[in-house]
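Okay, thanks everyone for squeezing in. Let me put the thing on the screen, and then I'll walk you through it chain by chain.

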Amino acid sequence: MSAAALETARVWLVVVLTLLGLFFTLVSMTGVLRLPDVYSRAHTASQADTLGAGFGLAAVALTVGVAGGGFKSVLLLFFIFLTNPTAAHAIARAAFEEGIVPWTEGDDRR
Amino acid sequence: MADADSPSDGGDGSTDSTASTEPATGDAAGEPPTAGAVIVPVEPTSTLRSTIAHVADAAATGGAPAIHLVEIASWRNGDPESDERAAAAERVLERAAAWTAADLDDSEAPGAAAVEVVTAVTGAGDYLFGADDYVRVLAEYAEANDADRVVLDPEYTPVGNTTLLQPLEFALSNTSLSVETAPVDRPTRRERFRTEASAVRLVALFGLSLGFYFLLGDPTYWFDAVTGVATAAVVSITLSRVSLDSNPAIPRTPMRIARGLVYIPVLLFEIFKANVVVARVILDPRLPIEPTMNRMRVIVGSGLPLMTLANSITLTPGTLTVRARDSDLYVHSLLPWAREGLFDGSLERWTRFVYYGRRSARLPTPRERDDVAILQGDDATEELPIAAVDGGEPGSVSGSEPSDDLTDADEVTDR
Amino acid sequence: MSLADATLVAGYTLGDFLLVAAAGFAVLAVGMLYRAVVGPTMQDRVLAVNVLGTNTVVILAILGAALDEPTFFDIALVYALLNFLMAIAISKFTVERGGVL
């Protein structure tokens, strides 16, 4: 009885986490498409996408459990939280060193 | 680095060998007719002994009044372990001073008896990040002690694992000091590796990579066990000097990990909270963003703490670390709200908490310290250093820029 | 029995839901592809491909959970590593001075 209730709770938690992951990935995509320059796009690429991937991977870890290889999912999660900002930093820094001026209000470049 | 070949434009111009990396042995030794004292930055390297022999010889023949053996502190007074590191530095200096005195005694040159040997530890009051900071400390010391020459040990690397010699030489060539790298034979790569690799690092990295391998594989299966040990051995032998820049220590490393575990949920909550705000802005049809580039000088120490802080800033939505130059972080912010949050410095305090403990976390905010600048937009307080960021030019990062450079950069963008 | 076989609503299992979610991630990834093609700068493209790669990792992991294929996680792990290396390497070599990281 209580085991069944626990499983139901877990199932719905997975659903919620997956939907959150989808939502933040949607935000990330919208940002990458709408924002005006490479720096502001790097914001959503590094942050919203990291959070979206984080929620998605948390949902996966919860689904498969420890025995099914969920620790690999957790490992992936940590890895993405470590590497995504680093990669975004490298890209933004490359843009900065190329001399790309950040967009400010009034700039008509889009 | 091409900068090392550019002619030195500072100082008296008497030594043109300043910026070259491999000074010819002959002319460097007999050259200096200087009147000022000589400064030797000291670190326990494998070439320190021969550097000192060279300096003592040159000072005796050249008539320098004093040799200053200076250790530039890579720690800061008040930090945990600063006492131990200061004591270790003192020991190195004592040994170096003894060598210098012995070399001067042995010297045949008439001036040898008049040369005074001075030792000093300097720079411990401040966090030093890169070549520019080191040169500033050296220049202040030279000013105070009437020195006009710096002799560098070719293996000199004060930060630990990063090679600082070339940027250091370049930055020094822009001061009035004359610079020379001691023409001593470097030991071969192999020897240097053997002297610098530490057993603690090797074991720590071996354990770490073996644990990772077993996490993915199956430690009870003999094949995985054998390949795991072999792989971990290769990784730890080749990379222990690269991946760890200080020895893991017993009370410190576990404490840092424990405090890091406290920090992770806090960071996750911050990330989530700020992500919601930014998501609302991005999904808003009017897209009400006001991006600016900002500069913030942070006090966390170099290496891993700086990386932690920079990555935390990047992960927190609305702010993106674009460039870390010494202790200056160039941060792009999407919203004024995110910028203000950044200048409040809570991430900086958390990073200090993780690496140095609760006591070190109390610190005025960057805004109160006046360590912040906005580089774009209506509130701009400094100009954007977009053309001065090539990494070769010391000093004037935040200096003014001719506007031509900005238009050039715009053209680059439109390609 | 894996949690993916648990019934969600009206006979559909959690595995079915995860498959739909993976499809959703794939659709979003196509949106990124626009930025990867259009640019306009090299860094924009690298950024878009990096985000695409992160998405691929998540899709792989979700498929692994939905189809009960644990090997997918290993592939996702390797993909994440390569994705990171790609971003760093391209950033490094598109800058002439080569001084990134």
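So, chain C: going along the sequence, the order is β-β-α-α-α, which makes three helices and two strands. When I say helix or strand I mean DSSP runs, H or I over at least four residues for helices, E over at least two for strands, numbered from the N terminus. Quick housekeeping: this is a predicted model, with local features needing pLDDT of at least 70 and side-chain atom pairs counted only at pLDDT 80 or more, while totals for chains, interfaces and linings use all residues. Residues are numbered from 1 along each chain as its sequence is written, and chains are lettered from A and ligands numbered from 1 in the order in which they are written.

Back to chain C. Of its 101 residues, 44% count as buried. Buried here means 20 or more other C-beta atoms within 10 Å of the residue's own; 12 or fewer is exposed, in between is partly exposed, and C-beta atoms are placed from the backbone. Now look at helix α3 of chain C, residues 71–94. From first C-alpha to last, its 24 residues reach 35 Å, close to the 34 Å expected at 1.5 Å a residue. That expectation is 1.5 Å times one less than the number of residues. Its buried residues include C:F72, C:F73, C:A76, C:A80, C:F84 and C:A87. For anyone rusty, an α-helix has 3.6 residues a turn, so residues three or four places apart point the same way.

On to chain A. What does its pattern look like along the sequence? It's α-α-α-α, so to speak a helix-and-nothing-else count: four helices and zero strands. Of the 110 residues in chain A, 65% are buried. Take contacts in chain A between residues at least 6 apart in sequence: 64% of them join residues at least 24 apart. For chain C, that figure is 40%. A contact, by the way, is two C-beta atoms, placed from the backbone, within 7 Å.

How do C and A meet? There are 46 residues of chain C in contact with 44 residues of chain A. On the chain C side, the elements giving two or more residues are α1 (14–38), α2 (42–66) and α3. The largest share is from α2(C), with 14 residues. By type, that side of chain C splits into 32 nonpolar, eleven polar and three charged. Nonpolar covers Ala, Val, Leu, Ile, Met, Phe, Trp, Tyr, Cys and Pro; charged is Asp, Glu, Lys and Arg; the others, Gly among them, are polar.

Chain B touches chain A too, with 38 residues of B in contact with 33 of A. Elements of chain B that give two or more residues there are α9 (252–283), β6, α10 (304–315), β7 (319–325) and α15 (403–414). Here α9(B) gives the largest share, seven residues. The split on that side is 24 nonpolar, ten polar and four charged.

You'll have noticed β6 in that list, so let's stay with it. Is β6(B) enclosed or open? Five of its six residues, 292–297, are buried, so the strand is largely enclosed by the rest of the structure. It pairs antiparallel with β8(B), residues 328–333, over six bridges, and B:R297 sits opposite B:D328. For pairing, DSSP has to find at least two bridges between the strands. Strand β9(B), residues 372–374, also runs antiparallel to β6(B), joined by three bridges, with B:R295 opposite B:A373.

Elsewhere in chain B you get parallel pairing. Strand β1(B), residues 37–41, pairs with β4(B), residues 147–152, over three bridges, and B:A37 stands opposite B:A147. Then β4(B) pairs, again parallel, with β5(B), residues 178–181, over four bridges; there B:R149 faces B:S178.

Last stop, α3(B), residues 82–106. Its 25 residues should span 36 Å, and the end C-alpha atoms are 36 Å apart, which agrees. Buried in this helix are B:A89, B:A96, B:T100, B:D103 and B:L104, and these pack against α2, β2 and β3 of chain B. One residue to click on is B:I52, in helix α2 of chain B. B:I52 is buried, with 27 other C-beta atoms within 10 Å. Leaving out residues up to four places away in sequence, B:I52 touches B:A96, B:W99, B:T100 and B:D103. And B:L69, 17 residues away in sequence, is 9.3 Å from B:I52, C-alpha to C-alpha.
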